[in-house]
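The following explanation leads through one part of a protein model, beginning with its sheet and ending with two individual residues. Please keep the sequence and the structure in view while reading.

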Amino acid sequence: MDLPGTAWQGVELGQRLAWARRWMQRTAAAAGRLPDLTSVRLAVTAHIDLKSALFLQAFREAGAAVILHPADPATTRDDVRRLVESWGIEVTTPAGCVDWGPTHTVEMGGDVVVEATSRGYDGVVAGIEMTRTGLNRVDALALTHPVFDLDGVPVKNQLHNRFAVGSSTWHTVLARTQLSLHGLAVLVVGYGEVGAGLARTARGLGAIVQVAEVDASRALVASYDGFEVVSQIGEWADIVVTATGRVGTVSAEVIGRLKDGCLVVNAGHSAEEIDLDALGNGEEVIPAVTSHRAGAREVLLFAGGHVANLAAGDGDSLNAFDVTAALIVDSAGWLVAHGNEYPAGMHPYPGPS
């Protein structure tokens, strides 16, 4: 995937990797702590970008056989994909991952675990899930192995979700649209840690911010943080950004009542947060924005509804994601050493964080 206008345009991959390694020393240290993984067949679901290449390389250098499923084709960087394939990592579908016979999984979105469960594959010893979207999916399964919630770890939930995603999403939107948020009305849908980061960052960038949240406790937290809380998405906002981890949050009904010219942004893991079928085919306005009709109104869609900071930009900053990547590497080492000690089902991650 090409990203015209991003910071990495025209920069050779080796130069970018060297720069990433300079700022991701925690990840390098975690790689040095990995146990021998030569007996491990690890299926990974991840966005294929510069930063994920570093933890994938760590797994390979520790001896693991690795297979990779892209978390979203829209976030895949083609040159990084070719690089990881040169390391002997096949990039394939969830079905291909299950056919390959994994013993462990480390995922963003739960696609491999969902596929394995649907097919009755019982060769997975233990798995890690990193996203709220994936946890919602996996929690509904009749699991035959333990899966550990990495999203609940404070480093991931509070630091990564709130600060890294909250800032990188707006950096991407503003860079690709050449807008600022000054004086614009922004509605943040969902007040988990990602939503909280989006709301606070938007306010700091000059936006007038409301929060839509149906969970009473989260709505109360948002109000204590100084945001007006609404129960539904209406036509007040110039920009609507969704961060719930739930399918169909921005439904056809919601789309029908948006303000004319509203820009819709997805900061969640899956494009399914937005009913893209209801929007139909759009026309490109600028490379990152398409125009759609909802009755008499125009709706502007950012990055095709895919996760904004990666589909239209370079994702989280290197130094911020370094903390998350180090956690991913450490958790994989813990999973191999201790994951089989737990019963089937969902568990909080108890390992090093």
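**The sheet and its surroundings**

In this predicted model, eight strands form an open sheet with mixed pairing, in the order S9-S8-S7-S10-S11-S14-S13-S12. Its edges are strand S9 (228–230) and strand S12 (283–286), each of which pairs on one side only. Direction ignored, neighbouring strands of this sheet are turned by 30° against each other on average.

At the S12 edge, the partner is strand S13 (residues 289–294); the two strands run antiparallel and are joined by three bridges. Within this pair, glutamate 284 stands opposite threonine 290 in S13. Helix H8 packs on the sheet, where it touches S7, strand S10 (239–242), strand S11 (262–266), S12, S13 and S14. The direction of H8 makes about 115° with that of S14.

Two loop residues merit attention for their backbone angles. Glutamine 178 lies in the loop between helix H8 (154–177) and strand S7 (185–189). Although glutamine 178 is not a glycine, its phi is positive, near 60°. Is this residue buried or exposed? With a relative accessible area of 69%, glutamine 178 is exposed, because the cut-off for that class is over 50%.

Alanine 303 is located in the loop between strand S14 (297–302) and helix H13 (308–311). Alanine 303, also not a glycine, has a positive phi of about 55°. The relative accessible area of alanine 303 is 13%; this residue is therefore buried, as the limit is under 20%.

Notes:
Residues are numbered from 1 along each chain as its sequence is written. This is a predicted model: local features need pLDDT of at least 70, side-chain atom pairs count only at pLDDT 80 or more; totals for chains, interfaces and linings use all residues. Side-chain values use heavy atoms; hydrogens and water are left out. Helices (H or I, at least four residues) and strands (E, at least two) are DSSP runs, numbered from the N terminus. Buried means under 20% relative accessible area, exposed over 50%, partly exposed in between (1.4 Å probe, protein chains only). Two strands pair if DSSP finds at least two bridges between them. Axes are lines fitted to C-alpha atoms, for helices over the stretch in contact, and angles run from 0 to 180 degrees between N-to-C directions. Contact means heavy atoms within 4.5 Å.
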